[in-house]
Amino acid sequence: MDKIDQFIKYVDENYLGGIKTNLAFKDVTTLKIGGQIGCLYFPKNLDDLITSFRYLIKNQIKYFVIGSGSNILAADKKFEMVVISLKNLNKIIKLTTDKFWVEAGIKDNKLAIELAKEGYTKMEFLSIIPGTIGGAIYMNAGAYDAEMQDIIQEVIYLDEKGFLQFYKKEEAEFAYRKSIFQKRKGIIVGAIIQVEKANIQGLPLEKIATLKKKKKENQPLNLLSAGSTFKNGKSYEAWKIIDELGYRGYQLKGAMVSKSHTNFLINTGNATYIDMTQLIAKIKLDAFQKYKINLECEWEILD
Ligand SMILES: Cc1cc2nc3c(=O)[nH]c(=O)nc-3n(C[C@H](O)[C@H](O)[C@H](O)COP(=O)(O)OP(=O)(O)OC[C@H]3O[C@@H](n4cnc5c(N)ncnc54)[C@H](O)[C@@H]3O)c2cc1C
């Protein structure tokens with residue numbers, strides 16, 4: 001019995017949550033690319049997560065935490081690892097009139113809508129990000145001039161030794177699509193967020209509807225992607241550079257530059273990891289040769 005089978009047995013015998021086997025990264029990411037994983041594990045609650053995470057650490061089993069898989073490009077190879085999903089850690093608990101404790105597995109859109117219905121504002125941007133709060137904190141995700149760090153007060157983190165830590169916002173090193181958690185190997189389990197009551201009733205829900213409409217008009221949401229591929233720079237917008245290089249609609253085997261938004265690279269159906277990484281490399285090379293710009297990929301690449 002290998003280490004992953006032993007982990008599955010341990011989870012079963014101790015009622016530590018659910019397990020799914022026979023899955024690949026292509027089944028759990030929005031790009032629908034990537035090879036077989038050892039298993040997908042869903043703890044029922046934080047206690048399960050802590051116990052099983054300590055087992056993984058003690059037994060030196062590789063692991064990876066996944067949210068909605070909306071920012072991941074994985075290689076077409078076998079990953080001998082446990083992929084942890086926090087989809088059952090999805091509670092919202094009101095702490096004070098404007099502060100909430102939110103678990104990391106809740107979907108961004110769900111949180112935005114639930115709080116908007118209660119009349120809160122500041123988190124509407126989350127309604128158009130197709131990830132989870134854990135992924136949004138890890139990426140400091142944002143849209144239309146708002147980002148995660150604007151609402152975070154504290155992050156609750158299970159560190160790589162299996163102990164809970166509290167990171168105040170100032171300690172989380174938030175920057176454009178960056179956080180300290182990208183340098184760590186633990187798990188974001190939740191956060192305390194601070195929002196505001198809107199002055200006008202119904203305004204947050206209206207704002208969400210407007211943002212969703214705008215997003216639908218500008219991005220190819222019906223195609224397989226992982227959102228924007230490259231980060232913007234201080235002096236340039238990535239989509240413009242790619243457009244000026246003539247890539248709109250360009251196809252390299254199964255990978256394609258979207259016709260409607262040139263910073264979205266699309267899986268047309270059967271794209272492989274190689275197709276996608278070659279297209280990324282080609283655009284990067286051209287951007288450097290023509291403009292001396294080093295485009296930085298925003299996606300989490302697993303190889
Ligand atoms: C159509 C589309 C539109 C998008 N639009 C936007 C946008 O407007 N703005 C924007 O910022 N992004 C956007 N994205 C990208 C993506 O949705 C965000 O980066 C999102 O925050 C990723 O969250 P996730 O839960 O899917 O994370 P995943 O993609 O599952 O994971 C991304 C990284 O976060 C880590 N991670 C996830 N959860 C945890 C956790 N609990 N603890 C520790 N690490 C964790 C993973 O290990 C991985 O390294 C878009 C993507 C798509 C497909």
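## Ligand shell, domains and strand pairing

By class, the shell around the ligand is made of 19 nonpolar, 14 polar and one charged residues; here Ala, Val, Leu, Ile, Met, Phe, Trp, Tyr, Cys and Pro count as nonpolar, Asp, Glu, Lys and Arg as charged, and the others, Gly among them, as polar. The model is predicted, so local features need pLDDT of at least 70 and side-chain atom pairs count only at pLDDT 80 or more, while totals for chains, interfaces and linings use all residues. Residues are numbered from 1 along each chain as its sequence is written.

Of the 34 residues around the ligand, the nearest are Gly67, Gly131, Gly134, Gly135 and Gly227 (a residue is included if its C-beta atom, placed from the backbone, lies within 6 Å of the molecule). Two or more residues of this shell are given by each of β3 (63–66), α5 (133–139), β9 (142–143) and β13 (187–194). Helix α5 supplies the largest share, with five residues. Helices (H or I, at least four residues) and strands (E, at least two) are DSSP runs, numbered from the N terminus.

The protein is divided into domain 1 (3–85), domain 2 (92–217) and domain 3 (221–302), with bounds from an automatic or database domain assignment. The centres of domain 1 and domain 2, taken over C-alpha atoms, are 24 Å apart. Where these two meet, domain 1 brings 13 residues to the contact and domain 2 brings 12 residues (contact requires C-beta atoms, placed from the backbone, within 7 Å of each other). On the side of domain 1 that touches domain 2, helix α3 (residues 46–58) gives the most, with six residues. That side of domain 1 divides into seven nonpolar, five polar and one charged residues.

Turning to strand pairing in the N-terminal part of the numbering, strand β1 (residues 18–20) is joined to β2 by three bridges and runs antiparallel to β2; strands count as paired if DSSP finds at least two bridges between them. Strand β2 (residues 37–42) also pairs with strand β5 (residues 79–85), here in the parallel sense and over four bridges. Tyr41 of β2 is a handy landmark to follow on screen: Ile19 stands opposite Tyr41, and Tyr41 in turn stands opposite Ile84 in β5. A further partner in β5 is Val82, which is bridged to Cys39. Strand β5 is joined to β3 as well, by four bridges in a parallel arrangement, and Val65 stands opposite Ile84. Strand β3 is thus met twice, since β3 is also among the elements that give two or more residues to the ligand shell.

A second set of strands forms an open sheet of five, in the order β6-β7-β13-β11-β12, with antiparallel pairing. The edges are held by β6 (92–94) and β12 (164–168), each of which has a single partner strand, so one side of each is left without a neighbour in the sheet. From one strand to the next the twist averages 20 degrees. Strand β13 of this sheet is also one of the elements contributing two or more residues around the ligand. Strand β11 (residues 152–158) pairs with β12 in the antiparallel sense over five bridges, among them the pairing of Leu158 with Leu164 and that of Glu154 with Lys168. Together β11 and β12 make a hairpin with five residues between them, and in the turn Gly162 has a positive phi of about 95 degrees.

Elsewhere, an open sheet of three strands has the order β15-β16-β17, again with antiparallel pairing. Strands β15 (251–252) and β17 (265–267) stand at its edges with a single partner strand each, so one side of each lacks a neighbour in the sheet. Three bridges join strand β16 (residues 255–257) to β17, and within this pair Met256 has Ile266 as its bridge partner.

Among the helices, the axes of α4 (residues 108–117) and α6 (residues 203–218) come within 7 Å and cross at roughly 145 degrees (axes are lines fitted to C-alpha atoms, for helices over the stretch in contact, and angles run from 0 to 180 degrees between N-to-C directions). On α4 the contact is made by Ala112, Ile113, Ala116 and Lys117, and on α6 by Pro204, Leu205 and Ile208. By class, this contact has six nonpolar, no polar and one charged residues.
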